[in-house]
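Dear colleague,

I am handing over the structure we spoke about, and my notes on it follow below. Please read them with the model open beside you.

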Amino acid sequence: MEKFYLIDNLCRVEEIENCALKGDLVCSCGNEFFSVFYNGKLTKGILASDLVRNKGTLFVEGRCTVCDENIKIFDSSTMGNPKKRAKSVQSDIIGQNLIQYGLRPFNVRVLLNYMPDKMKSDDFEEIFIEVKEMNGAKWKRIVEENK
Ligand SMILES: [Zn+2]
């Protein structure tokens, strides 16, 4: 089984009974603040999460505020349940023309739900991405991929 793409970029990882994984995004330089960029659709966030797919595609990336390393957080064409992956879109294309989410750096937290035999792979059933502003008190869920 492929190794989960994000595992080297998560800290404070919690695993729940072989079916869920939660962790905070950390850069290889040790920094935990990121500018968040996306290719998808920004909603008003009332009935949906802030970031949703646009024509089947959603791409979310964090850029380290210290060393500028880019860390891919979600790519609908290569991650998640294979049946729900975006088709015919090259991730290197949607990884371009990214729009910044918010203006400030965020802490980023990722939560994943798995079928037990797929634990810690790229083949997850659900992904939730949450962000918190520097010195902020509350986590805000900006991606809910659970169709
Ligand atoms: Zn860094």
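What percentage of the 147 residues in the chain do buried residues make up? Buried residues account for 32% of the 147, where a residue is buried if 20 or more other C-beta atoms lie within 10 Å of its own, exposed if 12 or fewer, and partly exposed in between, with C-beta atoms placed from the backbone.

Before the details, two points on how to read this. The model is predicted, and local features need a pLDDT of at least 70, side-chain atom pairs count only at pLDDT 80 or more, while totals for chains, interfaces and linings use all residues. Residues are numbered from 1 along each chain as its sequence is written.

Confidence and overall form

The mean pLDDT of the chain (pLDDT being the predictor's confidence in each residue, from 0 to 100) is 90, and 93% of the residues reach 70 or more. Among the elements, strand 2 has the highest mean pLDDT, at 97, and helix 1 (residues 91-94) the lowest, at 65.

The secondary structure comes to one helix and ten strands, where helices (H or I, at least four residues) and strands (E, at least two) are DSSP runs numbered from the N terminus. Read from the N terminus on, the order of elements is β-β-β-β-β-β-β-α-β-β-β. The radius of gyration of the chain is 14 Å, close to the 15 Å that the globule rule gives for 147 residues, so the chain is as compact as a globular protein of that length; here the radius is taken over C-alpha atoms, and the rule is 2.2 Å times the number of residues to the power 0.38. Along the principal axes, the C-alpha atoms fill a box of roughly 35 × 35 × 30 Å. Of the contacts with a separation of 6 or more, 56% are between residues 24 or more positions apart, a contact being two residues whose C-beta atoms, placed from the backbone, lie within 7 Å.

Strand pairing and the two hairpins

Strand 1 (residues 10-16) and strand 2 (residues 20-25) pair in the antiparallel sense over five bridges, where pairing requires that DSSP finds at least two bridges between the strands. Within this pair, Leu10 stands opposite Leu25 and Cys11 stands opposite Asp24. The two strands form a hairpin with three residues between them, and Glu17, in the loop between strand 1 and strand 2, has a positive phi of about 40° although it is not a glycine. Most residues other than glycine have a negative phi. Glu17 counts as exposed, because it has 7 C-beta neighbours inside 10 Å.

Strand 2 is also joined to strand 8 by five bridges, and these two strands run antiparallel; the bridge partner of Lys22 in strand 8 is Leu111.

Strand 6 and strand 7 pair in the antiparallel sense over five bridges, with Arg63 opposite Asn70 in strand 7. They form a hairpin with five residues between them. Asp68, in the loop between strand 6 and strand 7, has a positive phi of about 70° although it is not a glycine, and Asp68 counts as exposed because it has 10 C-beta neighbours inside 10 Å.

The nonpolar core

The largest nonpolar core (a set of buried Ala, Val, Leu, Ile, Met, Phe, Trp, Tyr and Cys residues joined through C-beta atoms within 7 Å) has 32 residues, of which Val60, Phe74, Val108, Val110 and Ile129 touch the most other members. Elements that give two or more residues to this core include strand 3 (34-39), strand 6 (59-64), strand 7 (70-75), strand 9 (126-133) and strand 10 (140-145), and strand 8 gives the most, with five residues. Leaving aside residues up to four places away in sequence, Val60 touches Val36, Tyr38, Leu51, Ile73, Phe74, Ile129 and Val143.

Two further residues

Tyr114, in the loop between strand 8 and strand 9, is buried because it has 21 other C-beta atoms within 10 Å. Not counting residues up to four places away in sequence, Tyr114 touches Cys19, Ala20, Met119, Phe124 and Glu125. Asn146, by contrast, lies in the segment after strand 10, and is exposed because it has 12 other C-beta atoms within 10 Å. The C-alpha atoms of Asn146 and Lys87, which are 59 residues apart along the chain, are separated by 17 Å.

With best wishes
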